[in-house]
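Please find below my comments on this entry, set out as numbered points. They concern the ligand site and the domain arrangement.

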Amino acid sequence: MWLSKKSKPRTWEAPEIELDKVPAHVAIIMDGNGRWAKQRGLPRVAGHHSGMKNVKKITMAANDIGVKVLTMYAFSTENWKRPKDEVEFLMKLPQEFFPLEIEELIQNNVRIRMTGWKEGLPDYTLKAIEGAIERTKDNTGLILNFALNYGGRKEIIAGVQDMLQDAHNGILKPDELDEAKFSSYMLTSDLPDPDLLIRTSGELRLSNFLLWQLAYSELWFTDAYWPDFTEDLFMQAIAEFQRRARRYGGV
Ligand SMILES: CCc1cc(N2CCCCCC2)n2ncc(-c3ccc(F)cc3)c2n1
(Lines give C-alpha, C1' and ligand atoms only; values in the text may rest on other atoms or scores of the structure.)
Protein backbone atom coordinates (compact mmCIF):
# COMPACT_ATOMS: atom_id res chain seq x y z
CA MET A 1 0.00 0.00 0.00
CA TRP A 2 1.42 3.40 -0.93
CA LEU A 3 2.19 5.66 1.95
CA SER A 4 2.47 9.46 1.75
CA LYS A 5 5.85 10.75 2.89
CA LYS A 6 5.69 12.00 6.47
CA SER A 7 2.60 9.85 6.88
CA LYS A 8 1.37 9.44 10.38
CA PRO A 9 1.00 5.81 11.42
CA ARG A 10 -2.13 4.63 9.67
CA THR A 11 -5.07 4.76 12.07
CA TRP A 12 -7.62 3.58 9.56
CA GLU A 13 -8.23 0.05 8.39
CA ALA A 14 -8.52 0.16 4.61
CA PRO A 15 -10.97 -2.38 3.19
CA GLU A 16 -9.25 -4.44 0.54
CA ILE A 17 -8.34 -1.83 -2.09
CA GLU A 18 -6.88 -3.17 -5.34
CA LEU A 19 -4.14 -0.65 -6.11
CA ASP A 20 -4.28 -1.36 -9.84
CA LYS A 21 -8.01 -0.52 -9.98
CA VAL A 22 -8.04 2.81 -8.14
CA PRO A 23 -10.19 5.51 -9.80
CA ALA A 24 -7.85 7.94 -11.61
CA HIS A 25 -10.08 10.97 -10.88
CA VAL A 26 -12.19 11.37 -7.73
CA ALA A 27 -14.45 14.43 -7.27
CA ILE A 28 -15.84 15.40 -3.86
CA ILE A 29 -18.73 17.71 -2.94
CA MET A 30 -17.61 18.64 0.59
CA ASP A 31 -21.09 19.29 2.03
CA GLY A 32 -22.54 19.57 5.53
CA ASN A 33 -20.07 21.94 7.15
CA GLY A 34 -22.75 24.37 8.39
CA ARG A 35 -24.92 21.55 9.78
CA TRP A 36 -21.86 20.02 11.44
CA ALA A 37 -21.34 23.30 13.31
CA LYS A 38 -25.06 23.73 14.13
CA GLN A 39 -25.14 20.21 15.60
CA ARG A 40 -22.44 21.38 18.02
CA GLY A 41 -23.97 24.76 18.80
CA LEU A 42 -21.14 26.46 16.88
CA PRO A 43 -21.31 29.20 14.23
CA ARG A 44 -21.43 27.97 10.61
CA VAL A 45 -17.95 29.30 9.94
CA ALA A 46 -16.58 26.86 12.55
CA GLY A 47 -17.84 24.09 10.29
CA HIS A 48 -16.12 25.58 7.26
CA HIS A 49 -12.90 25.89 9.24
CA SER A 50 -13.10 22.30 10.41
CA GLY A 51 -13.88 21.27 6.83
CA MET A 52 -10.76 23.04 5.60
CA LYS A 53 -8.65 21.01 8.02
CA ASN A 54 -10.10 17.82 6.53
CA VAL A 55 -8.99 18.62 2.96
CA LYS A 56 -5.31 17.70 3.41
CA LYS A 57 -6.13 14.50 5.33
CA ILE A 58 -8.30 13.15 2.51
CA THR A 59 -5.81 14.41 -0.09
CA MET A 60 -3.06 12.35 1.54
CA ALA A 61 -5.29 9.25 1.71
CA ALA A 62 -6.03 9.64 -2.02
CA ASN A 63 -2.32 10.12 -2.68
CA ASP A 64 -1.50 6.99 -0.65
CA ILE A 65 -3.50 4.74 -2.98
CA GLY A 66 -2.49 6.40 -6.25
CA VAL A 67 -5.46 8.60 -7.19
CA LYS A 68 -4.24 10.88 -10.00
CA VAL A 69 -6.72 13.78 -9.71
CA LEU A 70 -8.77 14.88 -6.71
CA THR A 71 -11.31 17.64 -7.45
CA MET A 72 -12.80 19.31 -4.36
CA TYR A 73 -15.90 21.52 -4.72
CA ALA A 74 -14.95 24.42 -2.44
CA PHE A 75 -17.17 27.30 -3.63
CA SER A 76 -19.95 27.37 -6.22
CA THR A 77 -21.17 30.33 -8.25
CA GLU A 78 -24.37 30.06 -6.17
CA ASN A 79 -22.42 30.45 -2.88
CA TRP A 80 -22.11 34.24 -3.49
CA LYS A 81 -25.75 34.42 -2.30
CA ARG A 82 -24.71 33.41 1.22
CA PRO A 83 -24.51 36.05 4.00
CA LYS A 84 -21.67 38.54 3.35
CA ASP A 85 -19.75 37.63 6.50
CA GLU A 86 -19.83 33.93 5.62
CA VAL A 87 -18.57 34.59 2.07
CA GLU A 88 -15.79 36.78 3.45
CA PHE A 89 -14.77 34.00 5.85
CA LEU A 90 -14.79 31.41 3.07
CA MET A 91 -12.69 33.63 0.79
CA LYS A 92 -9.99 33.78 3.47
CA LEU A 93 -9.64 29.99 3.75
CA PRO A 94 -7.18 29.50 0.86
CA GLN A 95 -4.70 31.92 2.43
CA GLU A 96 -5.09 30.05 5.72
CA PHE A 97 -4.89 26.62 4.12
CA PHE A 98 -1.62 26.95 2.27
CA PRO A 99 0.74 28.05 5.09
CA LEU A 100 -0.60 25.09 7.08
CA GLU A 101 -0.46 22.47 4.34
CA ILE A 102 1.71 23.52 1.40
CA GLU A 103 4.98 22.00 2.68
CA GLU A 104 3.53 18.50 3.13
CA LEU A 105 1.73 18.77 -0.21
CA ILE A 106 5.01 19.70 -1.92
CA GLN A 107 6.86 16.89 -0.13
CA ASN A 108 4.27 14.52 -1.61
CA ASN A 109 4.70 15.93 -5.12
CA VAL A 110 1.10 17.26 -5.17
CA ARG A 111 0.22 19.83 -7.84
CA ILE A 112 -2.40 22.47 -7.02
CA ARG A 113 -4.90 23.50 -9.69
CA MET A 114 -8.06 25.58 -9.75
CA THR A 115 -11.21 25.11 -11.83
CA GLY A 116 -13.54 28.10 -11.90
CA TRP A 117 -13.68 31.82 -12.60
CA LYS A 118 -10.96 34.04 -11.15
CA GLU A 119 -13.12 37.09 -11.88
CA GLY A 120 -14.92 38.09 -8.74
CA LEU A 121 -12.53 36.43 -6.32
CA PRO A 122 -10.89 38.83 -3.82
CA ASP A 123 -7.24 39.62 -4.58
CA TYR A 124 -6.06 37.92 -1.36
CA THR A 125 -7.87 34.72 -2.33
CA LEU A 126 -6.41 34.74 -5.83
CA LYS A 127 -2.91 35.57 -4.55
CA ALA A 128 -2.95 32.57 -2.21
CA ILE A 129 -4.17 30.19 -4.91
CA GLU A 130 -1.90 31.50 -7.67
CA GLY A 131 1.06 31.33 -5.28
CA ALA A 132 0.36 27.68 -4.54
CA ILE A 133 -0.20 26.89 -8.23
CA GLU A 134 3.16 28.51 -9.03
CA ARG A 135 5.00 26.72 -6.20
CA THR A 136 3.66 23.31 -7.26
CA LYS A 137 3.55 23.74 -11.06
CA ASP A 138 6.47 21.34 -11.66
CA ASN A 139 5.14 18.61 -9.37
CA THR A 140 4.10 15.44 -11.15
CA GLY A 141 2.06 13.64 -8.49
CA LEU A 142 -1.59 13.88 -7.50
CA ILE A 143 -3.39 16.94 -8.91
CA LEU A 144 -5.37 18.65 -6.13
CA ASN A 145 -7.96 20.57 -8.14
CA PHE A 146 -10.05 23.11 -6.23
CA ALA A 147 -13.37 23.94 -7.90
CA LEU A 148 -13.73 27.54 -6.84
CA ASN A 149 -16.29 30.06 -8.08
CA TYR A 150 -17.37 27.22 -10.35
CA GLY A 151 -20.75 26.35 -11.87
CA GLY A 152 -21.46 23.54 -14.32
CA ARG A 153 -24.08 25.40 -16.36
CA LYS A 154 -21.90 28.55 -16.48
CA GLU A 155 -19.05 26.36 -17.75
CA ILE A 156 -21.26 24.84 -20.50
CA ILE A 157 -22.62 28.25 -21.59
CA ALA A 158 -19.09 29.72 -21.68
CA GLY A 159 -17.91 26.72 -23.71
CA VAL A 160 -20.77 27.10 -26.22
CA GLN A 161 -20.00 30.81 -26.56
CA ASP A 162 -16.39 29.93 -27.44
CA MET A 163 -17.61 27.29 -29.91
CA LEU A 164 -19.93 29.81 -31.58
CA GLN A 165 -17.07 32.30 -31.80
CA ASP A 166 -14.79 29.65 -33.36
CA ALA A 167 -17.56 28.65 -35.77
CA HIS A 168 -18.02 32.30 -36.72
CA ASN A 169 -14.26 32.60 -37.31
CA GLY A 170 -14.24 29.43 -39.43
CA ILE A 171 -12.12 27.54 -36.86
CA LEU A 172 -14.90 25.09 -35.92
CA LYS A 173 -17.19 23.45 -38.49
CA PRO A 174 -20.54 21.90 -37.38
CA ASP A 175 -19.58 18.40 -38.48
CA GLU A 176 -16.39 18.63 -36.42
CA LEU A 177 -18.34 18.98 -33.17
CA ASP A 178 -18.38 15.71 -31.25
CA GLU A 179 -18.12 14.87 -27.52
CA ALA A 180 -14.30 15.07 -27.54
CA LYS A 181 -14.38 18.49 -29.24
CA PHE A 182 -17.06 19.72 -26.79
CA SER A 183 -14.95 18.48 -23.84
CA SER A 184 -12.00 20.50 -25.17
CA TYR A 185 -14.03 23.68 -24.52
CA MET A 186 -14.61 22.81 -20.83
CA LEU A 187 -12.44 24.20 -18.02
CA THR A 188 -11.30 20.65 -17.26
CA SER A 189 -10.18 19.90 -20.84
CA ASP A 190 -6.73 18.82 -19.57
CA LEU A 191 -8.17 16.38 -17.01
CA PRO A 192 -9.87 12.99 -17.36
CA ASP A 193 -13.54 12.90 -16.41
CA PRO A 194 -14.20 11.88 -12.78
CA ASP A 195 -14.54 8.12 -12.33
CA LEU A 196 -16.13 8.57 -8.91
CA LEU A 197 -18.12 11.40 -7.30
CA ILE A 198 -18.41 11.45 -3.51
CA ARG A 199 -20.95 13.70 -1.80
CA THR A 200 -21.16 14.06 1.97
CA SER A 201 -24.04 15.08 4.28
CA GLY A 202 -26.76 12.91 2.80
CA GLU A 203 -27.73 15.26 -0.02
CA LEU A 204 -28.40 13.31 -3.22
CA ARG A 205 -27.90 16.07 -5.78
CA LEU A 206 -25.18 17.21 -8.20
CA SER A 207 -25.69 20.92 -7.30
CA ASN A 208 -24.46 22.25 -10.64
CA PHE A 209 -21.11 20.45 -10.30
CA LEU A 210 -19.21 19.09 -13.35
CA LEU A 211 -22.50 18.49 -15.20
CA TRP A 212 -20.80 17.49 -18.50
CA GLN A 213 -17.94 15.60 -16.93
CA LEU A 214 -19.96 13.41 -14.54
CA ALA A 215 -21.99 11.77 -17.34
CA TYR A 216 -20.52 8.30 -16.68
CA SER A 217 -19.20 8.70 -13.13
CA GLU A 218 -20.06 6.37 -10.25
CA LEU A 219 -21.90 8.31 -7.54
CA TRP A 220 -21.29 7.50 -3.86
CA PHE A 221 -23.09 9.24 -0.99
CA THR A 222 -22.59 9.28 2.77
CA ASP A 223 -24.67 10.85 5.53
CA ALA A 224 -21.44 11.96 7.26
CA TYR A 225 -20.88 15.70 7.26
CA TRP A 226 -17.64 16.75 5.51
CA PRO A 227 -15.72 17.58 8.71
CA ASP A 228 -16.50 14.02 9.89
CA PHE A 229 -15.53 12.43 6.55
CA THR A 230 -12.68 10.08 7.48
CA GLU A 231 -10.04 8.19 5.50
CA ASP A 232 -12.05 5.07 6.38
CA LEU A 233 -15.13 6.46 4.62
CA PHE A 234 -12.96 7.52 1.66
CA MET A 235 -11.58 3.98 1.37
CA GLN A 236 -15.13 2.56 1.68
CA ALA A 237 -16.09 4.69 -1.35
CA ILE A 238 -13.06 3.42 -3.29
CA ALA A 239 -13.84 -0.20 -2.34
CA GLU A 240 -17.49 0.24 -3.45
CA PHE A 241 -16.28 1.76 -6.73
CA GLN A 242 -14.14 -1.33 -7.29
CA ARG A 243 -17.00 -3.70 -6.39
CA ARG A 244 -19.24 -1.98 -8.95
CA ALA A 245 -16.47 -2.16 -11.57
CA ARG A 246 -16.24 -5.91 -10.97
CA ARG A 247 -20.04 -6.33 -11.18
CA TYR A 248 -20.64 -4.14 -14.21
CA GLY A 249 -17.18 -4.03 -15.76
CA GLY A 250 -17.05 -5.17 -19.34
CA VAL A 251 -20.13 -6.58 -21.10
C1 LIG B 1 -12.87 29.59 -1.17
C2 LIG B 1 -13.82 28.69 -0.50
C3 LIG B 1 -13.19 27.55 0.23
C4 LIG B 1 -13.93 26.86 1.20
C5 LIG B 1 -13.35 25.83 1.88
N6 LIG B 1 -14.09 25.15 2.81
C7 LIG B 1 -15.48 25.45 3.02
C8 LIG B 1 -16.44 24.63 2.28
C9 LIG B 1 -16.04 23.30 1.87
C10 LIG B 1 -15.35 22.45 2.88
C11 LIG B 1 -13.88 22.72 2.94
C12 LIG B 1 -13.59 24.03 3.60
N13 LIG B 1 -12.06 25.50 1.59
N14 LIG B 1 -11.27 24.51 2.09
C15 LIG B 1 -10.10 24.57 1.42
C16 LIG B 1 -10.15 25.61 0.49
C17 LIG B 1 -9.13 25.98 -0.47
C18 LIG B 1 -9.52 26.47 -1.71
C19 LIG B 1 -8.58 26.78 -2.66
C20 LIG B 1 -7.25 26.59 -2.35
F21 LIG B 1 -6.34 26.86 -3.31
C22 LIG B 1 -6.85 26.11 -1.13
C23 LIG B 1 -7.80 25.79 -0.18
C24 LIG B 1 -11.40 26.19 0.60
N25 LIG B 1 -11.92 27.21 -0.08
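**Notes on the ligand site and domains**

1. The ligand is surrounded by 16 residues (a heavy atom within 4 Å of it), the closest being H48, M52, F98, I129 and L148. Of the 520 Å² of accessible area that the ligand has on its own, the protein covers 98% (Shrake-Rupley method, 1.4 Å probe).

2. This is a predicted model, in which local features need pLDDT of at least 70 and side-chain atom pairs count only at pLDDT 80 or more, while totals for chains, interfaces and linings use all residues. Residues are numbered from 1 along each chain as its sequence is written, and side-chain values use heavy atoms, without hydrogens and water.

3. At least two shell residues come from each of α2 (44-65), β2 (69-76), α4 (93-107) and β4 (143-150); helices (H or I, at least four residues) and strands (E, at least two) are DSSP runs, numbered from the N terminus. The most is given by α4, with 4 residues.

4. The automatic or database assignment divides the chain into domain 1 (42-53 + 73-98 + 117-150) and domain 2 (152-191). Their contact (heavy atoms within 4.5 Å) takes 5 residues from domain 1 and 6 residues from domain 2. The domain centres, taken over C-alpha atoms, are 27 Å apart.
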